Amino acid sequence: MNGGGGKLPTVTNDVGTSGDTSRRDFLKVLGVVGAGAAATSCGPPDMGDKLIPYLVPPEDIIPGTNVAYATLLKNGGPEHLGLYANVRDGRVIKLEGNPRFPNRGRLSALAQSALQDLYDPDRIPGPRGRDSSGFVESGWDEAIAAVAGFVVPGRTVLLTGSVTGSAAEFYAQWADATGAEWIPWEPLGLEALSTAHEIAFGIPGIPSYEIDRADRIVSFGADFLGSWLAPVELAGRFADARNIEGGHHAKFTHIGPRLSLTGLNADEWLSVRPGTEGLVALAVASEVARRRGGGAAARLGGTLSRFTPAAVAELAGVEPVRIERLAEELASANNPIVLPPDISGQGAGSTEAHLAVALLNLVCGAIGTTVRPGVGPTRGASASAATLRNLVERMESGAVETVIVAGANPVYGLPKALGFAEAFAGVANRVSLSSHLDETAAASNWLLPANHELESWGDAEIRPDIWAVAQPVMRPIFDTRQVEDVLLSIAAATGRTSFEAEDWKAWLEAGWRSNYEEEVPGDAPLFEDFWFELLQAGAVRRKREQPDPAPTLAPAAVNYRFTLPEQVSGLTLTTFATAQLYDGRGANRSWMQELPDAVSKAVWNSWVEIHPATAEPLGLETGDLVEVRTSVGSVTAPAFLYKGIRPDTIAIPLGQGHTQFGRNAQGRGVNALDLLDGTVDGRSGALAFAGAPVEITAVGRRGTLAIMQGSDSDLDREIGELMRVDDALEAIGGHRVDLRQILEHAWDSDPNSPYRWGMSIDLNACTGCGACVTACYAENNIPTVGEELAAQGREMSWMQIMRYFEHTEDDGFQTVHVPVLCQHCGDAPCEPVCPVYAAYHSPEGLNAQVYNRCVGTRYCANNCPYKVRRFNWFTYEHPYPLNLQLNPDVTVRETGVMEKCTFCVQRINRAKLDAKAEGRQVQDGDFQTACMQGCPTQAIVFGNLKDPESAVSQISKGARAYHMLGELNTRPAITYLAGVSHARLARSGHDEHGEDNGAAGEHDSAAEAGH
Amino acid sequence: MATAEIEVPREALPTLEQANDDISRPIYAPSWRYYLLLAICGVGILAGGTAWAIQVKNGIGMAGINNPVSWGVYIVTFVFWVGIAHSGTLISAVLYLTRSGWRTTINRAAEAMTIFAVMTAGLFPLIHLGRVWYFYYLVPYPSTRLLWPNFRSPLVWDMFAIGTYFTISLVFWYLGLIPDLAVLRDKFTGVKKKVYGTLALGWQGSVKDWSHYRRLYLYLAGIATPLVLSVHSVVSWDFAMGIVPGWHSTIFAPYFVAGAIFSGVAMVITIMIPLRWAFGLEKYITKYHFDNMAKLLLFTSLIVGYAYALEFFLAWWSNDPIEKESFAWRAYGFYAGPFWIMVFCNVVVPMSLWFKRTRNSLAALFAVTIFVNIGMWYERFVIIVTSLAHEYEPGGWGIYVPSTTEILILIGSFAWFFFWFLLFSRTLPVISIAEVKEHLAHEHEHGH
C-alpha cells in the first residue's frame, strides 16, 4: 500500500523494486503528526527518576511503542538516504530505510551509525568562544554578534559540505546577501566523473548506473558496494543483476590494483597498476569497437586505435590476452555496463580515466541503456582540491579575513601537503558551525555548534526526479541550533541584510510552496495537505518536463588526445575509502570502529595492505609495523598481508588518524592523506589519491591490529559454500534440504506451536557490507569493547561476517562472505551443557538465553560449533547521551553473562501480540529482524518454517541450500544458500554431500510434513 | 603384600614409644623456618585473593580468556588439583583393600593432600564463574522459582562428584586420625589436650573401639574406591560430553583417571621428600616407599603416554578432517610449546624411572616429580586451550594468553594448598601413628 494514499499522486512508489509499503508501515507513519509536534513535544527525556505519567499525554507518544518519522540522511555516507527514524519516548533509537527512496528501505552500516553521531558524548554542548585559556562557554547572542562582526564583504568565505536542494539555494543567497564567498566542498567528490561526462556527451552530472539491467558488469575499481557513489542503491541493483533464481547471473569483472569490498564480490580480477585503469579501458574500448563496430566506434576509431592491448599491457602490468578476452565478452553482451574507477584509482589523470570508461560504455552500447548520463544521483556542486588550493593561497596572502566552516572538515580531509591547516590558523576569524569538535572546529576561534541532521530541517534532490525532505526527529540534545538558522541570525546581526523568512523552516517551506504551486495544477490539494503527507512519506517524485538528455558523443571527445602515463617501477601507493569510515566521518562512532572491514576484518586501526610476495623479503607479517614513505611524508601502521593486492602496490585506508574529533577517533591509526603530495588532475582539479611512488621499511616491531577473523579459509567444512554458475543455473527449482530435519525431532520444542522461526541467508546476494551487523548493534544494545579487548577476542557482535577465500582451478581465488550468527539449532549443543538452564529451547524453537539466570560458566560458548556466543567480560559503559539510543525492548547486559543472537525475539513477540489482537497468526511481512531489515541486497529472509507458504520455507528448500557444518546434525534454523561464481571453482563435491536424507519424492511435501 | 614386607629395612626399627615421639614431635616445636614458609604461603594467598577480589569487582575479563577460548587457567588448574587429589584415595583406600603394607607411612599425608587439593580445586569453578555471586544457582535448593539445576549438564555432575569425593575423603581421613588424636590427647596438657580430646571422640583403644574402627575403616575404603574412578571420569566428561574436537572422545575417562593418579603420586613424592627430611622421618618413610611410588609413577606415565598416542591415532583413524586438523595444530600450531613440554615432562622424563638408580636417588626422584607436576598442568592446558582455540568454525579461531590475574590466582592456589598442608603438618601426625605401631608391633613380634 502506498503510504501517501490517493491524495499524494506524486509520491513515488516505484523508485526501487520493493516499493510496497505494508499496512503496518502505513500505520507507523500515521503516527507522525507533523514535524512541529516532533520538534516540540518530544525530546530526550530528563534522565531523572520521575515515573509520573504525563498529565496531558503528547498525542504521538504511545508508551512502549516506536513512532516512525520519515526523514532524510544527507551525511550518512556517499549517498542521500531516505529513512524512518524509530522514536521511542522522544528519543530516536533506530534508523531504518524508507522504501520510497532508491535505497529501497535499506541503510548502510555507516548510515545506521548516524545515531552514534547524534548521541556522541563528544559533541560540542553549546556555543564557545576562544580566549587565551582555550574555549570558554558563550551565549548564542554573544556568539552570533561576534561572528556577524567578522563577516566582511569580499573577505569572507563560507565553506560547507556539498549540498543540493533548498540548502544550495540558501547558501548561495546568503553568500550573496552578506558579500561572502560560498565554497561547497566534498573530500571524496566526483568532480572527475562529472567532468568526463561533460566532455564525452556534453551532459555534466552523474550518470545513472542501472546495474540491475546488465548481463555483464565490469568495474574499473569503483567500490560501488561499499564506499562509492550510492552503495546501498547500487548493491540492491547488483543483487538484481545476479538473481540466480531469476535465471540470470551477470558476470562481474573487477579491474584495479586491489580487491576492495566490491572487488571481493567479483568473479574475475584483472589486476592493473594503480592509475592505469583508464588506459586499460581505452584498450578494451578499442577492441570492443573493432569487434562491434557501429557509429560511435567509427567516430572514435582514430582516438582509440593506438591503444591496442599490446600497447598498454606493459604499462598496466596485465596480459594482453586478458584484455582481449574481456573485450570479446563485452562486445557479445546484450546489456553490458562498465563502472569507472573510484578514488583508489584516481591518479593525476582521473578525468581521462573516467572519459575512457565513458567511451568504453559508449562503444559497447551501454550509454542510454544501463548507463544514463545526467540522471543519476544528484550531487551538489563541490569545489575541487584545486579550488581549495587556491583558497589556501588566498588565506596565506591575507585576502581572506574570515572563514566560516559548516559541514566540512578541511583541516583533516585535505592532504597536509596542501597546507590548509597552517593557512587556516593564520586567518583572523575562524568560525565553525560543526556539531563536533573536529580538526577544523578545534582550530577555530568561535564554535557555533549546529544541530545534528536528525535534529534538523532540510531537503535534498536525491535524483533529478526525486526530492526528499528532512525533519527533526527529536529535540536537540545539546544547546545547538539549526545551521541555517545560525547563518540567518548572523546575516541579520550584520544589519546589512535581511531575509524574508523568519527562520529556516519557513524558508524551506516557502520554497516548496512556490514550487508546488508552480508545478501542480490548480485543482490539486492544498499545499498544507501535500506538505503534511510529504513529511510522512519522506520523498516525492517530481515531474520532469524534459525527457532524459540524449547522450550523443560530443565533439570534444571524438578527437581527445589521451596522454600515456609514464612507465613506473617500484611500489605505488593507493588510498581507498572504507564502507565504515568513508572519508573519516565514521571515525568517532564505536560501531564503525568496531565493524570489521570487509577486506582486512581489522577494527579500530589503520593498516597497510601488502602482497605477501612483497612482504616476504622484508620479513613482514600481518600486524608488524611498517613505515610507508612518499616524497611528502611517512606514516607507520601495522601491515596486513593480502593476496588481493598487486605485488607492486601498497594500499592504505582513509578515515583514521584524527587528531581531534572525539574519544574514539583521536590518535587512532594514521591519516593516509599525509602521504599525498596534493597533485590534482589538470581538468577537473580532483585530488590524486593514488599513484604516488612509495617506499616501505619494516619497523621491526609488532603493532596492534585486531583482526576479527581467525582463518581466511573455511577448510572446506561446509561453512562458506560456492557453486559454479552453470551448476547453479542447472539446479534451479531443485530441492536439497529436507525441512523436516529442522521441524521434526527438534529437541524440546513444542510440536503444537504454530511457529518455528527460521532464516535463510543467500551468500550469492551477501556482499559483506556489514549493514546487518550494525543494525544488530543498534537493535540489541550490543556494546562495543574497544581495540584492546577486540584484539583479545572479546568482541560482542552477535553477527559476524566471515570472509573466506576459496581457491579456483586457475590458481586465483574467490571470496564468499558468510554472515555467522546463532543458528538456533534444533539440537543445540549449547543447551544441555548449561548447568542452570540459562540456555534453553523455547517452544518456538529459539535458543533462548536467560540473562538473569546465567552464572557465566561459558560452557555453552565452548560447545557452540559456530562460535557465535558472546560473553560480557566486563560491564560495558554507554556514556551519556549514548545511553539514550538503547532499545528499551532489549535488556542491557551486565558483566559475567553470556549473550548471543535472539532472532530479535522482542520483534517476534511484538508481532505475535499484534497478530493476536487481530485474531490471527503472524505472517510473512508482519515484521523483520533487524539484520534482515538492514540488508541492502535482501540476502536475509526470516520467517516461520512451519508455514509451508512462507518465503523462508520456500527458500530453505532450494537447490543451493545447505546447513552450516551440516555433518554435526545440529538441525540449525538458518539455511545458507551457496554463493554463485563464474570462476572456475574447484568442484569440491558440494553436490555430493547434500543433506538429502529423505527420498527424492518426499521433498515437495517436506514443509507440510513439518506439522 | 608378603614380598613387600620382606624388604622392609629392619636394622632401624624404632620402638612403639619412639614412634609416638618421632611422629608427634613436629607438633611441639615449630621453628622459625616453619613460620617463614607459613608467611610465604600467606603472602601468596593474599596475592591470589586480591587478584580474585579485583576480578569479582571488575569482571571476569581480568582473566585472559576470550572468544573462543572461554576456559583457561582456572579450569586447567581446577583439573590439575582434582588430579592431585586422586592419590590420596588411591593410596589409602585401594592400597588398603589390596593390603599393600607400604602405604602405611604415606597414607596420612596423601589423604591430607587429597583434602587440601579438593579444597583448592573447589575454589576454581567459583573463581571462573562470570557471576560468582549467583553460584548457588548450581545447587539444587528449593527455589521459589521452582528451578533446579540442569541435571544433563556435566558441570552439575561434576559438582556432585567432587562434593561426594570431598565428603568421603574427609570422613575417611578423620576416621583414620581418631586413634592418633587419642595419642596426642594423652601426650598434651591444657587446651591442646581438650581440643585433641574432643576430636578423639573418647577413643580408649579398647578392643571394642578397634573392632568398630577397623570395620568402618574397611567399609569407607570400599565406598571410597569407586570414587577413584568416578571423580576424574566425571571431570573428564566436562570435556568429553562437549562436541569440541579434541574433547569429544571415549578414551577420556580412563585417560583422565590415569593422569590423575600419575599427577597425584608425583605430588605425594614431591611433598614427602622434603617432609621426611624436615621432620626427620627417615626411619618411617624409607627408600622402599619411594621406590614403590616411583614404580606407580612409571606405570601411570606409560598409560598417559599411551593415551596421548591414542588420541592422535584416533584422530587419524577417524579420518575426520576437523579432528585431524585439531590434533595437527595441537602438536605443531601456536601451542606446540605447551604440547611438547607436556610430552617431555610426562612421557620422556618418567622413563628414567626404569632405572633403580633414579628410583633410589631422592634428588633424582624429586626432580622427576617436579617435571611431572609441571607436565600434568600443561596436559590440562593443552587439552582445554588448544582444543577450544581451533574448533569447527575456522573464522572463529583465536588465541588465548593467560593474564597476570590468572597467574596470581594460580600461584595463590599453590600457596593456599601448602598453607593448609603446613598447618596440618604441625597440628596432626603426618604419619598414621596407629598404623605404624601396628606394623612395628608386627615386625617386633615376627622379625626379631
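1. In chain B, M113(B) touches I84(B), G88(B), M267(B), V268(B), I271(B) and F421(B), leaving aside residues up to four places away in sequence. The model is predicted, and this list of contacts should be read with that in mind.

2. M113(B) also appears in a wider setting. The largest nonpolar core has 449 residues, and M113(B) is among those with the most contacts inside it. The others named with it are V280(A), V284(A), A285(A), L359(A), L360(A) and V363(A). Helix α10 of chain B, residues 252–279, supplies the largest share of this core, with 16 residues.

3. How far can chain B be trusted? Its mean pLDDT is 90, and 96% of its residues reach 70 or more. Among the elements of chain B, helix α13 (residues 336–348) has the highest mean pLDDT, 97, and helix α1 (residues 2–6) has the lowest, 39. Over residues 1–10 of chain B, pLDDT stays under 50; the model has 13 contacts beyond four places in sequence for this stretch.

4. For the complex, the predictor gives an ipTM of 0.93 and a pTM of 0.91. Where the chains meet, 42 residues of chain A are in contact with 39 residues of chain B. On the side of chain A that touches chain B, the elements giving two or more residues are α28 (830–833), α29 (859–862) and β34 (870–871) of chain A. The most comes from α29(A), with 3 residues. Sorted by class, that side of chain A has 22 nonpolar, 13 polar and 7 charged residues.

5. Is helix α26 of chain A, residues 771–779, buried or exposed? The helix is largely enclosed by the rest of the structure, because 9 of its 9 residues are buried. The buried residues run from A771(A), C772(A), V773(A), T774(A) and A775(A) to C776(A), Y777(A), A778(A) and E779(A). Just after α26(A), N781(A) takes a positive phi of about 55°.

6. Chain A also has an open sheet of 3 strands, in the order β1-β2-β3, with antiparallel pairing. Why is one side of β1 (67–73) and of β3 (91–97) in chain A left without a neighbour in the sheet? Both strands stand at the edges and each has a single partner strand, so one side of each stays unpaired in the sheet. From one strand to the next, the twist averages 35°.

7. Within this sheet, β1(A) and strand β2 of chain A (residues 81–88) run antiparallel and are joined by 7 bridges. One pairing can be picked out: the bridge partner of Y69(A) in β2(A) is A85(A). In general, strands of a sheet pair through backbone hydrogen bonds, either parallel or antiparallel.

Notes. Residues are numbered from 1 along each chain as its sequence is written. Chains are lettered from A and ligands numbered from 1 in the order in which they are written. This is a predicted model: local features need pLDDT of at least 70, side-chain atom pairs count only at pLDDT 80 or more; totals for chains, interfaces and linings use all residues. Two strands pair if DSSP finds at least two bridges between them. Helices (H or I, at least four residues) and strands (E, at least two) are DSSP runs, numbered from the N terminus. Axes are lines fitted to C-alpha atoms, for helices over the stretch in contact, and angles run from 0 to 180 degrees between N-to-C directions. A nonpolar core is a set of buried Ala, Val, Leu, Ile, Met, Phe, Trp, Tyr and Cys residues joined through C-beta atoms within 7 Å. A residue is buried if 20 or more other C-beta atoms lie within 10 Å of its own, exposed if 12 or fewer, and partly exposed in between; C-beta atoms are placed from the backbone. Two residues are in contact if their C-beta atoms, placed from the backbone, lie within 7 Å. pLDDT is the predictor's confidence in each residue, from 0 to 100. Ala, Val, Leu, Ile, Met, Phe, Trp, Tyr, Cys and Pro count as nonpolar, Asp, Glu, Lys and Arg as charged, and the others, Gly among them, as polar.
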